[in-house]
Amino acid sequence: MNTEIILLIFGAAIATYLTRFPLMIFSGRGDISKKTVKFMSFIAPAVLTSLIVPIIFIREGSVNLSLGNLYIPAALITVLAAYYSRNMLISVITGISTVGLLMLLF
Amino acid sequence: MKSENAKQTINGFIDTVPLGISTSIYGLVYGVMAANAGLNIFETIAMSVFVFAGASQMTAVQMIAIGSGALSIILTVFIINLRHFLMAASLAPYLKNESVTKKMITSFFMTDESYAVTYSQFQKEPPTSSYFLGSGLNIYLFWGSSGAVGYFFGNLISAQMSYVFDFAFVAAFIGMIVPMVKTKPAVVTVLVSAVISIVGSLYIPGKWYIIIAGLFASFAGFLASELIEKKKQKEKGVITYEY
């Protein structure tokens with residue numbers, strides 16, 4: 001077992017638990033302000049986006065907008081699939097099959 | 001009383017089965033990603049057992065794969081999970097009369113899914129932390145087991161096929177992000193995050209761009225929504241003035 005990964009798992013576990021229990025126990029003693037609630041509502045889409053956009057556009061250290069970058073058309077089609085289906089399974093299957101199909105075609 | 005608790009736990013469990021099934025799809029993707037990131041099966045399962053947070057675990061293994069440091073990974077996980085504060089705050093009033101110990105235990109199992117099921121149940125029936133626990137345990141089991149199954153699939157995928165399957169992660173995240181983007185400020189958030197993360201991944205050392213893009217883009221969304229609100233108030237003001 002890799003010690004760094006074990007430490008990371010426990011660190012992540014503690015960090016996560018620290019977001020789960022406090023307000024469950026100390027609520028009612030001063031609510032969270034409306035502005036904070038609003039700010040926090042944008043965190044999930046912001047962080048999740050920052051994780052995938054570089055994977056889509058960057059290949060070997062630079063932005064790749066060429067037709068050879070199959071992730072771009074596949075991402076667009078997956079966005080449409082997610083928008084119309086609102087279904088995780090359909091989005092994932094559409095995404096993977098688009099990349100697979102484009103790879104076969106080009 | 002004991003059997004009443006058990007009954008509530010079972011009810012919570014059963015009501016969450018449909019969401020449990022959809023959770024397993026994320027779980028499979030997580031397992032595949034963990035295998036590709038070089039984690040072993042124990043680490044893959046340990047993360048589900050101790051961290052138990054979908055988007056965070058996928059993010060963590062993705063960051064391990066691209067070589068991020070432990071500190072930046074833990075911080076990112078914390079930031080992604082800040083939304084738990086909101087969910088806990090919204091459930092807490094319903095569970096006022098439950099013991100602290102019980103709340104400490106059940107809150108560990110709080111996820112987006114069990115929160116959604118429990119919150120809607122609490123609108124209809126008397127709230128109990130046992131129901132919440134049952135709902136959380138359901139997701140815990142589906143998430144943990146599908147991650148392990150995904151891990152074995154991940155090890156079967158060849159290097160050539162990995163270009164295709166790496167996209168599963170991107171597609172799963174698109175599937176999570178798209179339903180969140182319902183308002184103009186949310187669109188602003190996603191666009192700002194996209195730009196900062198591209199520029200940041202090229203020029204900012206390490207993987208700090210994830211946290212930086214996350215915070216700046218959230219702030220951009222917040223500002224956009226404040227501006228839109230102000231504009232609306234102004235327009236309303238003008239109309240009432242004209243009348």
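Begin this tour of a predicted model by selecting B:Lys102, which is partly exposed because its relative accessible area is 25%. Add B:Glu98 to the selection: this residue forms a salt bridge with B:Lys102, and the closest N and O atoms of the two are 4.0 Å apart. B:Glu98 is likewise partly exposed, with a relative accessible area of 21%.

Keep to the charged pairs and select A:Lys35, A:Lys38, B:Glu226 and B:Glu229, which salt bridges with shared partners join into one network. Within this group, centre the view on A:Lys35 and B:Glu226, which form a salt bridge whose closest N and O atoms are 3.0 Å apart. This pair crosses between chains, since A:Lys35 sits in helix α3 of chain A while B:Glu226 sits in helix α12 of chain B. A surface display will help here: A:Lys35 counts as partly exposed at 48% relative accessibility, whereas B:Glu226 is buried, with a relative accessible area of 17%.

Next, move within chain B and select B:Arg83 together with B:Asp112, a salt bridge in which the closest N and O atoms are 3.0 Å apart. Here distant parts of the chain are linked, for B:Arg83 belongs to helix α6 (residues 83–91) and B:Asp112 to helix α8 (residues 112–124), the two residues being 29 residues apart. B:Arg83 is buried, its relative accessible area being 19%, and B:Asp112 is partly exposed at 33%. Over all chains, a search of the whole structure finds five salt bridges.

Turn now to the aromatic rings, of which the whole structure holds 20 pairs over all chains. For one of them, select A:Phe39 and B:Phe222, whose ring centres are 6.4 Å apart and whose planes stand at 75°, so the pair is edge-to-face. Because A:Phe39 lies in helix α3 (residues 34–41) of chain A and B:Phe222 in helix α12 of chain B, this contact joins two chains. A:Phe39 counts as partly exposed at 23% relative accessibility, while B:Phe222, at 11%, counts as buried. A further selection of A:Tyr17, A:Phe21, B:Phe52, B:Phe108, B:Phe109 and B:Tyr140 brings up one aromatic cluster.

Finish at the surface with B:Lys184, B:Lys231, B:Lys232 and B:Lys236, which gather in a patch of positive charge. Helix α12 (residues 209–242) of chain B supplies the largest share of that patch, three residues. B:Lys236 lies in this helix, and at 60% relative accessibility B:Lys236 counts as exposed, because the cut-off for that class is over 50%.

Notes:
Residues numbered from 1 in each chain as written. Chains lettered and ligands numbered in written order. Predicted model: local features only at pLDDT ≥ 70, side-chain atom pairs only at ≥ 80, totals over all residues. Heavy atoms only, no water. Patch = residues over 30% accessible without salt bridge, like charges linked within 9 Å, V, L, I, M, F, W, Y side chains within 5 Å. Areas by Shrake-Rupley, 256 points an atom, 1.4 Å probe, with all protein chains shown as cover. Salt bridge = Lys/Arg side-chain N within 4 Å of Asp/Glu carboxyl O. Lys, Arg positive; Asp, Glu negative; His and termini not counted. Charge placed at Lys NZ, Arg CZ, Asp CG, Glu CD. Helix = DSSP H or I, 4+ residues; strand = E, 2+ residues; numbered from the N terminus. Buried < 20%, exposed > 50% of the residue type's maximum accessible area, 1.4 Å probe, protein only. Phe/Tyr/Trp six-rings, centres within 6.5 Å; stacked < 30°, edge-to-face > 60°.
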